[in-house]
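Reader: Hi, I have a model open and would like to talk it through with you. Could you show it here before we begin?

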Protein chains: 4
Amino acid sequence: MSYHPIVEYTSPSSWAMVEDKISPFAKDTLAKLIRFMEDEIMPAIKVAHAQLPTDPATRWKTVIPVVAELKGKARKLGLWNLFLSKTHYPEFGVPLTNLEYALMAEILGRGGQLASESVNCAAPDTGNMEVLARYGSPAQQKKWLVPLLNGETRSAFSMTERFVASSDATNIRTTIRQEGNEIVINGHKWYISGAGDPRCAIHLVLGKSDPNNSDKYRQQSIVIVPPNTPGVKVIRAMQVFGYDDAPEGHCEVIYGEYYSRPLGPGRIHHCMRSIGVAQYALDLMIQRVTDPAKKTFGKYLYEHGTVVADIAKSRAEIESARLLVLSAALQRLSLIYDTQIDKAKAKGALKEIGIAKFVVPTMACQIIDRAIQAYGAEGVSQDTPLAKMYAQLRTLRIADVHIQQIGQRELKRAPALTQRTAEIKRKERELEQRLGIKASL
Amino acid sequence: MSYHPIVEYTSPSSWAMVEDKISPFAKDTLAKLIRFMEDEIMPAIKVAHAQLPTDPATRWKTVIPVVAELKGKARKLGLWNLFLSKTHYPEFGVPLTNLEYALMAEILGRGGQLASESVNCAAPDTGNMEVLARYGSPAQQKKWLVPLLNGETRSAFSMTERFVASSDATNIRTTIRQEGNEIVINGHKWYISGAGDPRCAIHLVLGKSDPNNSDKYRQQSIVIVPPNTPGVKVIRAMQVFGYDDAPEGHCEVIYGEYYSRPLGPGRIHHCMRSIGVAQYALDLMIQRVTDPAKKTFGKYLYEHGTVVADIAKSRAEIESARLLVLSAALQRLSLIYDTQIDKAKAKGALKEIGIAKFVVPTMACQIIDRAIQAYGAEGVSQDTPLAKMYAQLRTLRIADVHIQQIGQRELKRAPALTQRTAEIKRKERELEQRLGIKASL
Amino acid sequence: MSYHPIVEYTSPSSWAMVEDKISPFAKDTLAKLIRFMEDEIMPAIKVAHAQLPTDPATRWKTVIPVVAELKGKARKLGLWNLFLSKTHYPEFGVPLTNLEYALMAEILGRGGQLASESVNCAAPDTGNMEVLARYGSPAQQKKWLVPLLNGETRSAFSMTERFVASSDATNIRTTIRQEGNEIVINGHKWYISGAGDPRCAIHLVLGKSDPNNSDKYRQQSIVIVPPNTPGVKVIRAMQVFGYDDAPEGHCEVIYGEYYSRPLGPGRIHHCMRSIGVAQYALDLMIQRVTDPAKKTFGKYLYEHGTVVADIAKSRAEIESARLLVLSAALQRLSLIYDTQIDKAKAKGALKEIGIAKFVVPTMACQIIDRAIQAYGAEGVSQDTPLAKMYAQLRTLRIADVHIQQIGQRELKRAPALTQRTAEIKRKERELEQRLGIKASL
Amino acid sequence: MSYHPIVEYTSPSSWAMVEDKISPFAKDTLAKLIRFMEDEIMPAIKVAHAQLPTDPATRWKTVIPVVAELKGKARKLGLWNLFLSKTHYPEFGVPLTNLEYALMAEILGRGGQLASESVNCAAPDTGNMEVLARYGSPAQQKKWLVPLLNGETRSAFSMTERFVASSDATNIRTTIRQEGNEIVINGHKWYISGAGDPRCAIHLVLGKSDPNNSDKYRQQSIVIVPPNTPGVKVIRAMQVFGYDDAPEGHCEVIYGEYYSRPLGPGRIHHCMRSIGVAQYALDLMIQRVTDPAKKTFGKYLYEHGTVVADIAKSRAEIESARLLVLSAALQRLSLIYDTQIDKAKAKGALKEIGIAKFVVPTMACQIIDRAIQAYGAEGVSQDTPLAKMYAQLRTLRIADVHIQQIGQRELKRAPALTQRTAEIKRKERELEQRLGIKASL
């Protein structure tokens, strides 16, 4: 194992597990990213906040200057579109694997939305770019994808619906109908992240285009909708706890209109970013409990109660979660779009990703909660990033559908296990007969 | 057991435990309060929110009209100053015991700050009124207490300090010095609840007046400071998970000035209000999981995963916590200020209160968290009260000092237990000798 | 509140909640029981263990001498059949309420099966005596009930079946058929507590007597079966974490035979005994962590890690659980057999009992587990009662059916809650119209 | 990734992480071991139990015939001393790394002590063989090590002391004194695993040989003591829950005697065995909840309550723990005895091992507990391996010292973190100055 600055942000043993799977180019890029985080991104967070007006009239019309500056610098350094793998997108991608980007995503997680946007790796743009790169026509790619790849525009992904439980896609009420050369859309969505940004140039909208298809999961399509299309109304910004997450925001949007369409999903790296958030919360906690100014009753905070045990548990949970996600990333490969790959392997990896999706947000919420506890009132205030971290991670914990899927998939092992047990029982009876012993009832 | 509407908001068994300890007047008042909550307070919550401007320039200068209207109605109905027991404050109080008010506080908790203020039972006014009623001179009472009792003014309690861990009162840096006829105060505080309200007429400020006293817990005093005193600067409103809790707010305040003084603490009923919040969250959760519009994959939400078990656990936790607080309230009596009462009893009750203080916020946070989970994205938005409830309860969980105190107090039982065990051992040996058996090693 | 020794074993606040509901006779009996526990029962536990042979040949044929001696003393002191309330069983009972016995059951729990048997309050005899007292014919009562009431015989309750999930009574496979004057039983049961005792004079056996009844829960009857009936075979003693719990035991039994019948269930007080066990475990833990001989690295055990917090949490959990069970006991009254009582109240109380049944074993297991942790290797050995306590409480945790029932019962509140919310919404709209404000979306 | 039967016992993603670090020889040995487990070891478990007498007189004098038979077969197959790495013990070891053996240890864990002994990899022999191989003189090795390597004798490691908290080695009271050519030992130990076995040929006893050494952790030595030495008295077998774990046992032993000495510790692989136990418990749970004979109320067990979620969580916890231990094993290398290795790396790995030591037993206990729950009463009986598994894993959870060590070690990161934060603050101020913005307070 050779030294790399990632070890200071993660752990020697997780690095030992993956080091030989990381290319020299990726190692170099990762080191550059860490330096850029320390030198440019982290020092800019409060400034970016100050550059965003609180006045509701201008708040949603602002492009934050320091972010624009950071984007220019990042691009020059080659820290750009790191999420888009050349293997899957030869025309647009960078020579990094999913595993390699996973390590970078953890680092980016520490800087929140600002960090991801600075290197043009912010959701929902990442998923949308993947969809456009895979399914877009050359004309669509030129018009919508290229400006996104250049970081000139932003985008929204429009799925969640108000009034129904849209986590079950069959409940989707938004309709998509072909009428002559046009596509007519009607729907009422909310929590549309990115729809508040003044640079938002495109919504990818999910709706039912084929409601009579006998396969309930093939009734849906995705269509491209520019936000200035007549009939598109952004009603209001939804809050997450008390945060509006301007300028991107999470908006309530009504659609009553037209456009041409691509299909398909595209997402992730949330998990590694979340691990970065958790590790950062732990780092902040360690600093706080060892701060001489915060002694009470003559003792450091870490000398009180369960603090040391909480830190140890946090360390263990982060380490475990990191290895879980890395092993899923390693296995994932080209898995989602390449239909020719080994199906069994793909399903195995999907399972690991599913596990990560319910383990990681729960873990991260818990660790941030412990850090908040260590900071007292300051922990829930705007003076530390902890409360906002918590609010964001808590929304990721919503999707409990994963835990049920994992459980159901485990149950499918039952026939093989029952078979194995029957085989052992048979041999047990043979042994009993040979030895003349009746051991089992 | 006879019927009372409180049973619909709590449980038959907790009512069975206390019914015979509740006076007919209190039963009647409690029923009236429930009706007032249903008819007036709960329907006014969103209106009050709408009447509060979002513009930072006017937001902190507004008295919400519908709240003023509710206060008028409540006072006419005799639903006023319910927290102030005549037994302890014959001149100002109402004929209700702590136990009786505890039941009302649970109901009030469902309506948040609005409900408590409507019946003039909102913190920090309640504690401040108790301090003024007990320690104030007649002139001070006339000037500051009477307007508070009438609901004409509001107040702030100024304890927490920025830059030090002020949960240990010996760390307090704010100084209070007598200079001739004046008292000079210097300090930098934050999280001063109530200091943002335009009606705030008085800050009670804790500081060190006798820093050389050999008893470290007798170095502090409390002084009255009107917020328009020269040198008092309200710097900014602190946030709690993105909420500013206007108009009361939690402010950062710098003091550099003068005034005359009363002494003493003043507190509680938080616990019962928090139980009301938790019960309300459970009620909301039950409604959501049985809502036919929220079915997914053909099943009600309550038919999925762990929902039913979560509801059962929530029910058990609320029930346990309610009994815990009620038993503490029953025992508390005049406990805090009456020095002549049985000291042992007082200490026992303090212990129960301490237990409640760490059990209740943790319990309530957990139940609200489960309800948020049932509501999905809507649960963290401004469209349900859940996220704000969570933010407020989470701040109550900060004070972990209680868990250590309870643990330390339990340890004091060690000598009695050791003595009892030794006695049993002695009799064991006698029995062994009598029977000629060697049973213990 | 006046002093009573129960306070030393429980808490001042739980005593404050119930003291005025306890008769002078019950207070006196409770004090006498505490003294008897300290002077006679606790010192005899190890001796009783030593008097029970380890040799399998004689282990199941032994009546432990010191237990017989304790029973004689207890009966003389009037500490006898305390579970059987005169209100419900005027002919056989003692003048104690369920609530009063609940307090005694907690004390008895500290001494395990030995303590309960010493005062003739041991399961499954208690439930069986209730069944016989209520449903037995005078001849049956004379033959089977009187010797049990005198503590001369013991009994078994035979419900759980091997090979099926008999927690759902409709799965019961044991058949009960009338043939002329005789009743023919066929069945294979296990975990039949009490069936191993040499004094066991009677099994109450549950089976299907009316398998075609359209009400699936009215197909079952209970019949009296003396263990020496031809066809009754006690096959083996089942273990619980390695313990055989001789001499009573938990046996596997095959029935192929005849007899006459009573009907009905009968049980409880497990919960208060379990709380006694948990309190005892906490007491042991406190002694251990304050023991100077167990210092490590120069510090008491309680100065390490999470010990103080664990003790505080244990204290809070016991206190909550105790209040929960006491409030259920208070409400329960004559509830199970008196068909004329208020049905709604009965159902309410059943709910509290259901809550207690899943809360208490989980709580007690957790507290014992913490105590085991404090004792290290000794905690899992035969030198403390902790491991055996854990094994016994763990089996009580098995019946998770309660958590589902409680959850389902909570869901029944949905219509009333929905109605209440609709009413508030209606008034909200009225208020909005009156004030000309649109506050809700 | 190529197929290997280990995947059926673990997971595709953990195999993907390590496959390229496993030699062809190790892959082959691992496959052979899995086959041997399925064909020979698992079917022999109940027979071995039946061949062990319950009579106390002969129970501790028995060599179980079927174990002897299994050892002969295993040795012929080359499944022998797999724990002893040739890299560290060129003279005695096998060509397997720690990581490779870790995978095998997980498989062995499913078969309990029987499986480990069958391939001569049972504790405490493994640690004792390492000590003798490293520190023994050629004569000592010939006399004590060779018979152990051949599986002809067994051994005990004698550390834990009665009456003191010996987890702090400075509390050790056993004395070791040189007297002429002899070494005099005095001490009272218990929980001496292996001391009950009739084949036990050697105790390695830890005591204080240099009590005045100023370095408190250099006062101890280890001496070789054959159990037939005059003065060595095995007093009794300690139980774990109700199990005596015969024939090896966990004994209380008094030493009052003489002998010559080696020094040093030696241990591990517990963690992977424990993971095997947890995985096996999960496998058993899956079989139970899908068993049609165990339906209740018309539904499979897995359709009730939280079962599916519990299975999903168990899967996630096992997967995380496995990756954690494998990454520690990979890093560990020759770490414990090779003083020339990179110290920093060694410390890093020690940290991972420490994490695993508190994570794994807690995780495994929890998963076994869930499986017990699924099995109901049968889960705590002798008819499934679950209760015994729980008892054994629970003893591993005792050593909480690890959680404190990990926490303390994390705290050592504080200076670096504080430095990094100060650096970011400095750059933040530079940026503020450059842009003329005051963003931070």
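Reader: Let me start with one residue: is D:Ala50 buried, exposed or partly exposed?
Author: D:Ala50 counts as partly exposed, because it has 16 C-beta neighbours inside 10 Å; a residue is buried if 20 or more other C-beta atoms lie within 10 Å of its own, exposed if 12 or fewer, and partly exposed in between, with the C-beta atoms placed from the backbone. Please keep in mind that this is a predicted model, in which local features need pLDDT of at least 70 and side-chain atom pairs count only at pLDDT 80 or more, while totals for chains, interfaces and linings use all residues. Residues are numbered from 1 along each chain as its sequence is written, and chains are lettered from A and ligands numbered from 1 in the order in which they are written.

Reader: Okay, and where is D:Ala50 placed?
Author: D:Ala50 belongs to helix H3 of chain D, where helices (H or I, at least four residues) and strands (E, at least two) are DSSP runs numbered from the N terminus.

Reader: What does D:Ala50 touch, leaving out residues up to four places away in sequence?
Author: With those left out, D:Ala50 touches A:Ile437 and A:Ala439, and two residues are in contact if their C-beta atoms, placed from the backbone, lie within 7 Å. As for D:Ile64, it is 14 residues from D:Ala50 in sequence, and their C-alpha atoms are 9.3 Å apart in space.

Reader: So how many residues of chain D are in contact with chain A?
Author: There are 64 residues of chain D in contact with 64 residues of chain A. Among the elements that give two or more residues to chain D's side are helix H3 (24–51), helix H10 (270–289) and helix H12 (343–375) of chain D, but H11(D) gives the most, with 15 residues. By class, that side of chain D has 34 nonpolar, 16 polar and 14 charged residues, where Ala, Val, Leu, Ile, Met, Phe, Trp, Tyr, Cys and Pro count as nonpolar, Asp, Glu, Lys and Arg as charged, and the others, Gly among them, as polar.

Reader: And how many residues of chain B are in contact with chain A?
Author: Here 37 residues of chain B are in contact with 37 residues of chain A. H13(B) gives the most to chain B's side, with four residues, and that side divides into 17 nonpolar, 15 polar and five charged residues.

Reader: Back to H3(D), at what angle do H3(D) and H5(D) pack?
Author: H3(D) and helix H5 (residues 65–76) of chain D pack at an angle of about 160 degrees, with their axes 8 Å apart; axes are lines fitted to C-alpha atoms, for helices over the stretch in contact, and angles run from 0 to 180 degrees between N-to-C directions. The two helices are therefore roughly antiparallel, since angles under 35 degrees count as roughly parallel, over 145 as roughly antiparallel, 65 to 115 as roughly perpendicular and the rest as oblique.

Reader: Which residues of H3(D) and H5(D) meet?
Author: Among them are D:Phe36, D:Ile41 and D:Val47 in H3(D), and D:Val67, D:Leu70 and D:Lys73 in H5(D). The residues of this contact divide into ten nonpolar, one polar and two charged.

Reader: New topic: how much of H13(D) is buried?
Author: Ten of the eleven residues of helix H13 (residues 386–396) of chain D are buried, so this helix is largely enclosed by the rest of the structure. The buried ones include D:Leu386, D:Tyr390 and D:Arg394.

Reader: What about H8(D), how many of its residues are buried?
Author: Helix H8 (residues 125–135) of chain D has eight of its eleven residues buried and is mostly covered. Those buried residues pack against helix H9 (138–149), strand E1 (154–158), strand E4 (200–208) and strand E5 (220–225) of chain D.

Reader: Last one: how many helices and strands does chain A have, and how much of chain A is buried?
Author: Chain A comes to 15 helices and seven strands, and buried residues make up 54% of its 441 residues. Its C-alpha trace spans about 85 × 70 × 45 Å along the principal axes. One residue you could look at is A:Gly112, which lies in helix H7 (residues 112–118) of chain A and is buried, because 22 other C-beta atoms are within 10 Å.
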